[in-house]
Amino acid sequence: MILSKENITDKKITILGMKKSGYSAALLASKLGATIFVSDSSKDETVYQNYEKLKKVSIPVEIGGHTDVIYDSNLWIVSPGIPKDANIIKKANKLKIPIMSEIEFASRFTKHPMIAVTGSNGKSTTVNMINEMLSANEWKPILAGNIGNPFSKSVLDLLNGDLEGNIFVLEISSFQLEFIDQFHPFISIYLNISPDHLDRHKNMDEYLRMKLKMVKNVNEEDFIIYNSDDKALSTSFNKSIANKIPYSLNQKNKFFTLNSTKLYDENHDTLILLDDILLKGKHNLSNFIASATAAKLLNVKNNKIKKTMEIFTGIKHRLQFVKSIKGSSYFNDSKATNISSVIAAINSFNSPIILLLGGKNKDSDFRLLLPHTKRHVKHIVSFGEAGGEIAAAIGDAVRLNITSSLNQAVASAHKIASPGDIILMSPGCASFDEFKNFEDRGEKFIKMVNILK
């Protein structure tokens, strides 16, 4: 469907989902003059708050279920939480109602170039790295997408004059890519592909297919930056007409190459000593090279890239240092919602680890952790809905005890910790059994740690 500022006033638009992205899409579509109806099947606190706010600005809304009003529409905008095989989606398809995602909708109403970052792990860290590298000279980046600030909100703020910026840096999830059509990033970055969200995407082939939709509209003037160390990605772009720039920790790259102690620039001059990079871990080094490659394409100077590597501390809920207690250090890695993230977190430390693992399982194979736990994980405390599954999968091979909640897991870890230990909450699971989201889980973990003595 062709959608523009000129013809949107003729459209009746149904928006499904009333959390951050759906709420923001409703405000943007209303601003542009469309006739809006917003519907959400739930009645949780966030939905109810947004319901009240939308009513105040006279946007028709319903919560607690979908009525047939949703089908009286020229277009649907769906939130990422609604899968493409949901019954209401199937019915809309039969009725030939066009469906698009919130990022697709927002992209129709901005002419700013877009850097889009996807992958199973490291997306939030990488978009923040890019944002820091671009925050100089002529660039005024706008961070948006899956990172928490909906794309629609940023586009609306630009239209209202409440925001300045000239390039979008977007974190993009596989869920957001299910309903895209014309979405067209200037630079697309693929970090890695590992098993994640298989409860939604059924298998790895389907998951990869969703990820690759991000570049379905690229042309000869666009760029795809991808991790050639990742087997799933190494051949995925062979047929693309875009400019392809692979990056690697093991091979020479277009702009940056490394050895065991240094990162070199395109002239093979030393850019930075690896010891001077503040954020540790091989996975973060890989993310830095991806970010720096995008920055170079946008003419960012090497000294700005180096400075970012020297001062960037990471993001909240991703290997976030919380507190030292009696010689033990507590780290919040709540954003680690899959096994690959947990492996990356474990391998970022050289001290003994007490690992807090659990939550709501996403069909993960916890046995994949075993080769990595042998390195220096001295104890695992499993918790939450998946606690028993974790114990059944790996409890015979590692020291492990089960608790029912994160609070109990923290208390248990505190009791067995010795000076020099790392207490790492890297759950490898979704948070929805006990918390609103991974941010809520991380904030609650920080509070639990801060009252320990």
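The largest cavity of this predicted model is lined by Thr125, Leu279, His283, Asn284, Gly314, Arg318 and Leu319. About 40 Å³ of space lies within this cavity. Two parallel open sheets, one of 6 strands and one of 5 strands, are described further below. In this predicted model, local features need pLDDT of at least 70 and side-chain atom pairs count only at pLDDT 80 or more, whereas totals for chains, interfaces and linings use all residues. Residues are numbered from 1 along each chain as its sequence is written, and side-chain values use heavy atoms, with hydrogens and water left out.

**Cavity and pocket**

- A search of the whole structure finds 1 cavity of 30 Å³ or more; on a 1 Å grid over the protein atoms alone, a cavity is a set of points where a 1.4 Å probe fits but cannot get out, and lining residues have an atom within 4 Å of a point.
- The lining of the largest cavity comprises 2 nonpolar, 4 polar and 1 charged residues, where Ala, Val, Leu, Ile, Met, Phe, Trp, Tyr, Cys and Pro count as nonpolar, Asp, Glu, Lys and Arg as charged, and the others, Gly among them, as polar.
- The second largest pocket holds about 1,000 Å³ of space; a pocket is an open set of points with protein on both sides within 12 Å along at least five of seven lines, and a volume is the space filled by probe spheres set on the points, which are joined across faces, edges and corners.
- Of the 37 residues lining the second largest pocket, Leu249, Lys282, His283, Asn284 and Ser286 are the closest to its centre.
- Helices H10 and H12 (339-346) are the elements that give two or more residues to the lining of this pocket, and H10 gives the most, with 6 residues.
- By class, the lining of the second largest pocket divides into 12 nonpolar, 17 polar and 8 charged residues.

**The sheet of 6 strands**

- The strand order is S7-S8-S6-S9-S10-S11, with parallel pairing; strands (E, at least two residues) and helices (H or I, at least four) are DSSP runs numbered from the N terminus, and two strands pair if DSSP finds at least two bridges between them.
- The edge strands are S7 (141-145) and S11 (243-247), each pairing on one side only, and the twist averages 15 degrees from one strand to the next.
- S7 is joined to S8 (residues 167-171) by 5 bridges, with Leu143 opposite Val169 in S8.
- Helix H6 (residues 151-160) packs on the sheet, touching S6 (114-118), S7 and S8, and its direction makes about 140 degrees with that of S7; contact means heavy atoms within 4.5 Å, and angles run from 0 to 180 degrees between N-to-C directions of axes fitted to C-alpha atoms, for helices over the stretch in contact.
- Helix H10 (residues 282-297) lies across S9 (187-190), S10 (223-227) and S11, at about 165 degrees to S10.

**The sheet of 5 strands**

- The order here is S3-S2-S1-S4-S5, again with parallel pairing, and the edge strands are S3 (61-63) and S5 (99-101).
- S2 (residues 35-40) is joined to S3 by 3 bridges, and Asp40 has Ile63 in S3 as its bridge partner.
- Helix H3 (residues 87-94) lies across S1 (12-16), S4 (75-78) and S5, running at about 155 degrees to S4.

**Salt bridges**

- The count comes to 17 salt bridges, each a side-chain nitrogen of Lys or Arg within 4 Å of a carboxyl oxygen of Asp or Glu.
- Glu52 forms a salt bridge with Lys55, with the closest N and O atoms 3.9 Å apart; both residues lie in helix H2 (residues 45-56), 3 residues apart, about one turn of the helix.
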